[in-house]
Amino acid sequence: MAELLYQHAEPEAVLSGTHFMDGNHAACEGAIAAGCRFAAGYPITPSTEIVERFAERAPHVGAMFIQMEDEIASSICLQGAVWGGLKAMTVTSGPGFSLMMEHTGYAAMTETPCVFVDVQRAGPSTGLPTLPAQGDMLQCRFGSHGDYEAIALCPSSVQECFDFMIEAFNLAEAYRVPVFFMMDECVGHMTEKLVIPDAREISVLGRRFTKKPPEEFLPYAPGEDLVPEMVKAGDGYRFHVTGLTHDERGYPSTTLATQRQLVVRLIEKIQRNAPKIWKWEERNLQGAEVAVISYGISARVALKAIELAKQDGIQAGLFRLITVWPFPGQRIQELATRVRAIVVPELNLRGQVANEVERAVQGRCPVVPVGHPGGGVHDPQDIFHAIKEALS
Amino acid sequence: MKMQESASIPKFTRKDLIPGGEVKWCPGCGDYAILASIQKILPELNTPRENFVFVSGIGCSSRFPYYMNTYGLHSIHGRAPAVATGVKLANPKLSVWVMTGDGDAMSIGGNHLIHALRRNLDLKIVMFNNEIYGLTKGQYSPTTQMGQVTKSSPYGVPDYPFSPLRLALGAGATFVARAFDVDGPHLQAILKEAALHKGSAFIEIWQNCVVFNDSVFDPIVSKESRPDHLLYLEEGQPLLFGKDKENAVISEEMSPRVVPASEAPKERLLVHKSGLQDPAYAFLVSGMTYPEFPVPMGIFRNVQSPAYDEILDGQVKKAKAKAKDNSFMALFDGLETWTIN
């Protein structure tokens with residue numbers, strides 16, 4: 001099994017220092033610091049600033065940006081670049097994300113490490129291009145056909161756009177999955193303080209290239225952690241990559257046995273390692289009567305509601321999801337035994353994450369979703385009222 | 001210097017390219033001839049075997065990478081040019097080939113194809129044209145002839161077919177050629193020229209689908225038909241055909257016309273030139289279709305233009321050479337700031 005080799009970021013690629021920057025630009029800097037050297041994209045609001053900055057920075061950090069003919073092409077072109085040896089990402093928003101679903105599945109099936117950035121805007125369809133939503137949270141999890149597991153992270157500040165983008169690339173390399181960096185328009189366009197640390201303080205996970213001799217190497221033979229090792233085109237190893245159900249050699253094998261072995265492993269390599277992947281933030285949950293579970297920009301709005309509750313004599317705390325997928329269900333189940341109610345504000349109307357919370361809670365306490373159609377953020381009063389109602 | 005370099009490249013043979021295992025095309029399929037031709041010419045290209053990458057989409061043609069002992073990416077229906085773009089840009093020393101079919105390239109992947117060609121990225125795009133969807137067992141494709149009855153066109157195809165060559169020319173491909181499965185030496189010569197071309201190369205190969213569209217090209221490519229209905233394009237040679245080269249193609253009001261060679265006015269006799277920058281001649285010749293005209297086979301266009309990877313490389317050098325203000329304010333200001341006085 002290839003060990004996980006963390007190195008520090010390339011000093012000449014990292015803009016160490018204190019900045020005043022928006023989330024989109026910070027996400028771009030995070031990607032560059034993480035070693036991303038290839039980006040493919042198609043212009044779409046409100047995400048384009050990420051690739052615009054990448055295009056300008058590219059020659060100075062030995063990277064490349066290509067504007068492809070559409071999002072379908074962008075999301076598969078980057079996978080070609082990964083098999084050519086680079087770390088790669090694509091950047092989009094709702095309508096473009098819908099077009100990419102074909103290739104999120106391909107990345108999952110072929111175990112191509114890569115990052116999809118979705119700066120969420122209100123939908124369905126063209127919706128509100130310049131305004132926020134959190135309506136793609138199930139799409140990133142279930143958007144492509146068939147069974148697979150993916151990883152999704154939600155930053156809620158400019159600093160996190162930088163920090164967790166590095167995490168996103170590291171997770172992609174560690175588990176060889178597409179990682180979804182689920183921003184929202186607010187976080188993308190919000191300008192605030194960003195501290196970029198010294199390159200030596202940034203841990204970057206290198207690709208898990210095999211050390212086996214070519215004659216012994218099997219491209220899809222998993223290691224102990226269920227993740228196979230990689231090679232790249234041109235280095236003397238041979239590989240065959242296919243979206244068809246394949247055996248350890250990477251060749252199609254259309255039998256039930258191979259299907260079971262492969263797809264179960266694709267799911268288990270994430271489920272089994274989930275506790276290592278999970279990240280969340282807890283605030284004021286000690287002794288809280290109500291837990292507010294949220295993510296992205298909504299979690300910041302929720303803080304105001306928690307303050308209003310406190311003024312009203314209600315102890316409420318925040319459980320902020322950073323990793324939304326794989327979902328930290330065990331932790332939430334445990335939380336449900338300690339609070340009287342859970343409130344889940346998010347910028348979609350059908351409780352995309354609230355339903356998952358409810359599934360984890362299994363009736364241990366009431367779960368109150370606080371929906372929103374997108375196009376703005378919650379009024380903190382609405383979340384506050386939900387907290388009050390949840391207790392009544 | 002060059003000789004030393006080539007001497008250091010490990011030699012390989014046709015046999016090294018055969019991975020073993022069963023080739024799962026129907027017996028008698030034209031794809032076998034294309035596979036054999038590629039396996040024959042690759043060792044002659046002075047490129048190490050580990051630098052070859054074959055990328056495909058979905059379809060019978062797209063099974064090609066399975067049967068090559070090189071790097072292979074069997075991707076998604078229509079998307080091979082986009083995948084190949086990523087591979088080539090990530091590592092420009094690789095020789096990247098796209099193996100595709102008429103459905104894969106002209107229908108679902110049409111957009112990717114034209115943009116890959118337009119960028120003049122150094123990719124070799126080989127399109128197997130059998131004028132049918134074979135893998136799904138016989139539906140009409142964008143190159144199936146109008147009126148033809150297929151499983152999905154029981155009353156005849158109501159669409160006008162694409163001319164793959166004209167599509168490629170229109171997209172600005174710098175190398176455009178056509179060959180057919182049963183003339184191996186000609187096919188190999190064309191593939192070799194394409195491999196040597198720096199920039200996007202598009203090669204249409206007529207390939208007989210023995211099961212779902214059998215003999216569709218026979219009126220042109222069968223041994224008996226060839227003299228009267230097929231015209232091999234030869235650089236610098238007039239367009240003459242027939243058993244005794246008794247017929248000529250002349251240009252009349254910017255269109256081709258067939259006349260007896262003895263009556264062809266010299267100034268209007270078409271002489272083949274693939275190196276013309278203006279694609280008008282290539283467009284004219286590629287429009288010659290059966291039964292009105294002899295169908296041309298060969299290289300329609302072969303011109304040099306800077307390739308995408310070369311252009312990008314130039315940009316990187318230029319950007320790096322330019323003293324770069326890496327200060328935060330310079331980045332923050334970017335390109336679109338102004339001062340109001």
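## Two chains sharing one sheet

Val241(A) has Leu73(B), a residue of β2(B), as its bridge partner. That small link between two chains is a good place to begin a tour of this predicted model.

### A strand from chain A joins chain B

The link does not stand alone. Thr242(A) is bridged to His74(B), again in β2(B). Taken as a whole, β12 of chain A, covering residues 240-242, runs parallel to β2(B) and is paired with it over three bridges.

Where does this pairing fit in the wider architecture? An open sheet of nine strands holds it, and the order is β12(A)-β2(B)-β1(B)-β3(B)-β4(B)-β6(B)-β5(B)-β11(B)-β7(B). If you trace the sheet on screen, you can start with the strand from chain A and walk along the list of chain B strands. The pairing in this sheet is mixed. At its edges sit β12 of chain A and β7 (230-232) of chain B, each of which pairs on one side only. From one strand to the next, the twist averages 20°.

Helices of chain B lie across this sheet. One of them, α3(B), crosses β1 (52-56), β2, β3 (95-101) and β4 of chain B, and its direction makes an angle of about 175° with β3(B). Another is helix α7 of chain B, residues 184-196, which lies across β4, β5 (175-180), β6 and β11 (295-302) of that chain and runs at about 160° to β5(B).

### Where the chains touch

Now look at the contact between the chains in full. Chain A brings 37 residues to it and chain B brings 34. Which elements of chain B supply at least two residues each? They are β2 (71-74), α3 (80-90), α5 (110-119) and α11 (308-321). Helix α3(B) gives the largest share, with eight residues. Sorted by class, the chain B side has 17 nonpolar, twelve polar and five charged residues.

### Domains within each chain

Chain A is split into domain 1 (6-205) and domain 2 (279-391). The C-alpha centres of these two domains are 26 Å apart. Their contact uses 22 residues of domain 1 of chain A and 23 residues of domain 2 of chain A. On the domain 1 side, β7 (128-132), β8 (151-153), β9 (178-184) and α8 (185-189) of chain A each provide at least two residues. That side is made up of 16 nonpolar, three polar and three charged residues.

Chain B also has two domains: domain 1 is written in two pieces, 12-230 + 278-312, and domain 2 spans 238-271. Between their C-alpha centres there are 29 Å. Six residues from domain 1 of chain B meet seven residues from domain 2 of chain B. The domain 1 side of this contact has five nonpolar residues, one charged residue and no polar ones.

### A buried residue in chain A

For a closer look, find Ile166(A) in helix α7 of chain A, which covers residues 158-175. Is Ile166(A) buried or exposed? Ile166(A) counts as buried because 22 C-beta neighbours lie inside 10 Å. Beyond its neighbours within four places in sequence, its contacts are Gly30(A), Ala33(A), Ala34(A), Ile202(A) and Val204(A). Val204(A) is 38 residues away along the chain, yet the C-alpha atoms of Ile166(A) and Val204(A) are separated by 7.2 Å.

### Some unusual backbone angles

As a rule, most peptide bonds are trans and most residues other than glycine have a negative phi. The table lists some departures from that rule.

| Site | Backbone feature | Value |
|---|---|---|
| Thr45(A) to Pro46(A) | cis peptide bond | omega near 5° |
| Trp325(A) to Pro326(A) | cis peptide bond | omega near -5° |
| Glu131(B) | positive phi | phi near 60° |
| Ser215(B) | positive phi | phi about 65° |

These sites can be placed in loops. Pro46(A) is in the loop between β3 (36-41) and α2 (48-61) of chain A, and Pro326(A) is in the loop between β16 (323-325) and α12 (329-336) of chain A. In chain B, the loop between β4 (123-129) and α6 (164-170) holds Glu131(B), while the loop between β6 (201-206) and α8 (218-221) holds Ser215(B).

What about their surroundings? Glu131(B) counts as buried because it has 26 C-beta neighbours inside 10 Å. Ser215(B) has 11 C-beta neighbours inside 10 Å, so Ser215(B) counts as exposed.

Key
Residues are numbered from 1 along each chain as its sequence is written. Chains are lettered from A and ligands numbered from 1 in the order in which they are written. This is a predicted model: local features need pLDDT of at least 70, side-chain atom pairs count only at pLDDT 80 or more; totals for chains, interfaces and linings use all residues. Domain bounds come from an automatic or database domain assignment. Two residues are in contact if their C-beta atoms, placed from the backbone, lie within 7 Å. Ala, Val, Leu, Ile, Met, Phe, Trp, Tyr, Cys and Pro count as nonpolar, Asp, Glu, Lys and Arg as charged, and the others, Gly among them, as polar. Helices (H or I, at least four residues) and strands (E, at least two) are DSSP runs, numbered from the N terminus. Two strands pair if DSSP finds at least two bridges between them. A residue is buried if 20 or more other C-beta atoms lie within 10 Å of its own, exposed if 12 or fewer, and partly exposed in between; C-beta atoms are placed from the backbone. Axes are lines fitted to C-alpha atoms, for helices over the stretch in contact, and angles run from 0 to 180 degrees between N-to-C directions.
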